Amino acid sequence: MDEFDPKGRSTSPPTGVKIPYMRVACTQTGCFPGDVPANLRQIDRLAGEASAAGAALVVFPELMTTGYASPEVVAPLAERIPGPVSGEITRMATHHRIALAVGLPERSGSGDACFNTLFLVDAEGRALLHYRKVHLWDTEKSWARGGDGFPVHLLGDLHLGANICYDVRFPEGARSLALAGAQLMLLPTAWLGPVDEWELAVRSRAMDNGIYVAASALQGESFLGSSLIVDPHGTVIGRGDPGAEQLVIADIDPAAVARFRRRVPLLRDRQPDCYSS
């Protein structure tokens with residue numbers, strides 16, 4: 001795989017040199033509120049484009065399968081995992097040979113609760129991450145129940161976890177992931193604004209913890225902010241053009257996380273006994 005440069009250049013590595021990076025794509029796209037089949041077709045198309053661009057993982061926005069719509073639209077479309085929608089996402093992942101992280105409304109196994117969920121399946125069709133949004137925003141509380149933790153899972157050689165949208169305003173979520181070993185945080189959103197606060201929060205969570213953040217932003221009349229990929233220094237290494245439908249692509253280097261944490265040992269130097277909960 002060629003080494004990707006955020007400015008658009010691509011150069012081939014010397015023969016026999018293993019590139020440790022994982023190429024990640026964040027979609028920046030709108031969707032069709034309430035139209036799950038149309039949204040699945042959109043996911044399929046963009047997954048194919050991301051795979052063709054050499055990405056090993058593509059991240060989609062919050063509630064991509066249904067749109068970030070009213071509770072009356074979203075709640076009836078919630079499905080169990082595994083189920084028809086997650087099954088179709090799994091089929092796309094294996095077909096395009098790429099890991100997919102897709103936001104969707106999930107119904108619990110007992111059927112008595114719904115969640116705002118990020119579902120991650122790898123290129124072999126293995127379900128890896130099943131993150132339920134912890135911090136619910138406004139009307140989400142009328143149809144969804146909050147999750148109860150921040151799991152970390154391994155994709156290839158990379159440890160990753162997730163926040164969803166409003167979660168990123170709470171430093172504890174990203175810190176929980178970093179303490180559990182995460183090097184990359186996936187962050188789907190349907191951001192309602194202000195747009196400057198979106199970028200500030202994404203960059204801060206990356207630098208606070210010495211992690212990468214791959215943030216996929218839903219586009220549309222009500223939604224603000226570009227998709228972003230941010231490195232452990234808080235530097236934006238991939239950014240979407242405002243309002244455009246596109247893929248934002250960058251390479252995630254686990255060694256950069258280790259280098260940052262050696263230089264700035266934030267996790268080691270914490271003083272939790274001095275913090276009020």
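Two strands pair if DSSP finds at least two bridges between them, and helices (H or I, at least four residues) and strands (E, at least two) are DSSP runs numbered from the N terminus. The exercises below concern a predicted model, in which local features need pLDDT of at least 70 and side-chain atom pairs count only at pLDDT 80 or more, while totals for chains, interfaces and linings use all residues. Residues are numbered from 1 along each chain as its sequence is written, and side-chain values use heavy atoms, with hydrogens and water left out.

**Exercise 1. Describe the sheet that contains β14, and state which residue of β14 is the bridge partner of M22.**

Step one is the strand order: 6 strands form an open sheet that reads β7-β6-β5-β4-β3-β14, with mixed pairing. The edges are held by β7 (127–132) and β14, each of which has a single partner strand, so one side of each is left without a neighbour in the sheet. Neighbouring strands are turned by 25° against each other on average, direction ignored, where axes are lines fitted to C-alpha atoms (for helices over the stretch in contact) and angles run from 0 to 180 degrees between N-to-C directions.

Step two takes the pairings of β3. With β14 it runs antiparallel, joined by 7 bridges, and the partner of M22 is I252. With β4, β3 runs parallel through 3 bridges, and there A25 stands opposite V58.

Step three asks how enclosed the edge strand β14 is: 6 of its 7 residues are buried, so the strand is largely enclosed by the rest of the structure. Buried here means under 20% relative accessible area, exposed means over 50%, and partly exposed lies in between (1.4 Å probe, protein chains only).

**Exercise 2. Characterise helix α1: its span, its N-terminal cap and the elements against which its buried residues pack.**

Begin with the geometry. Helix α1 covers residues 36–52, has 17 residues and reaches 24 Å from its first C-alpha to its last, close to the expected 24 Å; the expected span is 1.5 Å times one less than the number of residues.

Next, consider the ends. D35 caps the N-terminal end, with a side-chain oxygen 3.2 Å from the backbone nitrogen of A38, and the helix is followed by G54, whose phi is positive, near 90°.

Finally, the buried residues of α1, including V36, L40, I43 and L46, pack against β3 (22–28), β4 (57–59), α3 (84–96), β5 (99–107) and β14 (246–252).

**Exercise 3. Compare the settings of the salt bridges D251 to R23, R45 to E49 and E88 to R91.**

The criterion comes first: a salt bridge is a side-chain nitrogen of Lys or Arg within 4 Å of a carboxyl oxygen of Asp or Glu, and the structure holds 15 of them.

For D251 and R23, the closest N and O atoms are 3.0 Å apart. This pair links distant parts of the chain, D251 being in strand β14 and R23 in strand β3, 228 residues apart. D251 and R23 are both buried.

For R45 and E49, the closest N and O atoms are 3.2 Å apart, and the two residues, 4 apart in helix α1, are separated by about one helical turn. R45 is partly exposed at 34% relative accessibility, and E49 is partly exposed at 37%. R45, E49 and E245 are linked in a network of salt bridges.

For E88 and R91, the corresponding distance is 2.9 Å, and the residues are 3 apart in helix α3, which separates them by about one helical turn. E88 is partly exposed with a relative accessible area of 27%, as is R91 at 36%.

**Exercise 4. Is N116 buried or exposed, and with which side chain does its own side chain make a polar contact?**

Locate the residue first: N116 lies in strand β6 (residues 114–121). At 0% relative accessibility, N116 counts as buried.

Its side chain makes a polar contact with the side chain of E62 at 2.8 Å. A polar contact is a pair of N or O atoms within 3.5 Å; within protein, one must be able to donate a hydrogen and the other to accept it, and residues adjacent in sequence count only if both atoms are side-chain atoms.

With contact taken as heavy atoms within 4.5 Å, and leaving aside neighbours within four places in sequence, the residues in contact with N116 include E62, L104, Y131, W143 and I164.
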